[in-house]
Amino acid sequence: MSTDPSQDDPEDERFEAFTAECIEALESDGPQALEVLLGTRPEDAARVRQRLGALSRLGLLSFPDADWRDSVGPYELVRRLGAGGMGEVMLARHGESGAMVALKLGPVPQPSLSPEHGERTKRAAERFAREVQAVADLVHPCIVPIIEVGTHKGRAWFAMEYVDGVGLDRALEAVRASGVAPGDLTGGDLAAAVPGASPLAFGTTWVGAVARIVRDIAGALVEAH
């Protein structure tokens with residue numbers, strides 16, 4: 001039997017890949033999606049649960065409970081938009097008005113396993129609170145405003161206006177994919193890459209469209225500073 005650590009066990013690689021898939025399912029779609037995935041590999045379910053539990057106890061993984069998958073304050077959660085180092089962002093609908101918002105959830109409260117862990121959790125909560133205050137103080141047409149803030153089961157959250165659009169990177173990818181020669185591009189070509197945009201949303205010329213975007217970004221940065 002080989003003792004060379006460079007010889008990876010295919011079975012271990014398979015398990016690690018499945019565990020990573022389970023983590024992604026849990027963080028993207030919640031416990032129900034995790035349970036469905038575990039049901040496809042019952043022989044690994046107990047071991048995966050043990051691994052996820054260890055990660056959760058270390059504060060490296062959050063188990064969103066069913067209530068988080070349903071509602072936060074007056075908002076009904078629709079789907080996950082993304083996540084970062086200080087929380088996750090959900091698409092949500094106001095229960096009464098039906099208005100769609102981007103709801104950012106702060107770090108999930110974790111039991112302090114050590115003084116160091118408790119200090120990290122405290123710092124994460126403080127960073128989230130500073131972010132809320134910083135964004136709330138900004139007033140500019142090109143900065144998405146905060147609508148409402150609150151806490152749920154000890155977890156801070158804030159709701160922002162939901163902008164249903166595409167990032168500049170994706171818009172430029174669509175422009176390149178259109179096949180129009182760079183010298184022939186117009187503002188209309190950029191507008192066509194943004195779903196729902198008016199044909200004249202960025203003006204008529206390409207130079208004018210670029211100048212308008214740079215002006216708007218610069219104005220938002222000035223307000224942020």
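Two strands count as paired here if DSSP finds at least two bridges between them. With that in hand, here's a quick tour of the chain, which is a predicted model. The chain holds 8 helices and 6 strands, and Val101 stands opposite Glu161 in strand S6. Of its 225 residues, 28% count as buried. Let's start with the overall layout, then go through the strands, the pocket and a few single residues.

**The overall layout**

- Reading from the N terminus, the elements come in the order α-α-α-α-β-β-β-β-α-β-β-α-α-α.
- Take the contacts between residues at least 6 apart in sequence: 45% of them join residues at least 24 apart.
- The chain has an accessible surface of about 13900 Å², and carbon and sulfur atoms account for 57% of that.

**Strands S3 and S4**

- Strand S3 covers residues 87-94 and is mostly covered, with 6 of its 8 residues buried.
- Its partner S4 takes in residues 100-105, and the two run antiparallel, joined by 6 bridges.
- To find this pairing in the model, look for Val89, which stands opposite Lys104 in S4.
- S3 and S4 make a hairpin, with 5 residues between them.
- Gly98 sits in the turn of that hairpin and has a positive phi of about 80°.

**Strands S5 and S6**

- Strand S5 is made of residues 146-152, and it pairs with S6 in the antiparallel sense over 6 bridges.
- These two form a hairpin as well, with 2 residues between them.
- In the turn between S5 and S6 you'll find Lys153, with a positive phi of about 55°.
- His152 has Arg155 in S6 as its bridge partner, and Thr151 stands opposite Ala156 in S6.
- S6 is mostly covered too: 5 of its 7 residues are buried.

**Where the two hairpins meet**

- S4 doesn't just pair with S3: S4 and S6 also pair in the antiparallel sense, over 5 bridges.
- The spot to look at for this link is Val101, which stands opposite Glu161 in S6.
- Follow the pairings along and you can step from S3 to S4, from S4 to S6, and from S6 to S5.

**The largest pocket**

- The largest pocket has a volume of about 790 Å³.
- It's lined by 23 residues, and the closest to its centre are Cys142, Val144, Val163, Val166 and Ile217.
- Three elements give two or more residues to this lining: strand S6 (155-161), helix H6 (168-177) and helix H8 (206-224).
- Which of them gives the most to the lining of the largest pocket? That's H8, with 5 residues.
- Sorted by class, the lining has 18 nonpolar, 2 polar and 3 charged residues.

**Arg41, between two helices**

- Arg41 sits in the loop between helix H2 (31-39) and helix H3 (42-57).
- Is Arg41 buried or exposed? Its relative accessibility is 19%, and the cut-off for buried is under 20%, so Arg41 counts as buried.
- Setting aside neighbours within four places in sequence, Arg41 is in contact with Arg14 and Phe18.

**Arg212, in helix H8**

- Arg212 is a residue of helix H8, the element that gives the most to the pocket lining.
- With 33% relative accessibility, Arg212 counts as partly exposed, because that class lies between the 20% and 50% cut-offs.
- Beyond its neighbours within four places in sequence, Arg212 is in contact with Leu200, Ala201, Phe202 and Gly203.
- Pick out one of those, Phe202: the C-alpha atoms of Arg212 and Phe202 are separated by 7.1 Å, and the two residues are 10 apart along the chain.

**Ala197, in the loop before H8**

- Ala197 has its place in the loop between helix H7 (187-192) and H8.
- At 27% relative accessibility, Ala197 counts as partly exposed.
- Ala197 and Gly165 are 32 residues apart along the chain, and their C-alpha atoms are separated by 8.9 Å.

How values were computed: Residues numbered from 1 in each chain as written. Predicted model: local features only at pLDDT ≥ 70, side-chain atom pairs only at ≥ 80, totals over all residues. Heavy atoms only, no water. 1 Å grid on protein atoms, 1.4 Å probe; cavity = no way out; pocket = protein on both sides within 12 Å on 5 of 7 lines; lining within 4 Å. Points joined across faces, edges and corners; volume = space filled by probe spheres on them. Helix = DSSP H or I, 4+ residues; strand = E, 2+ residues; numbered from the N terminus. Nonpolar A, V, L, I, M, F, W, Y, C, P; charged D, E, K, R; others polar. Buried < 20%, exposed > 50% of the residue type's maximum accessible area, 1.4 Å probe, protein only. Contact = heavy atoms within 4.5 Å. Areas by Shrake-Rupley, 256 points an atom, 1.4 Å probe, with all protein chains shown as cover.
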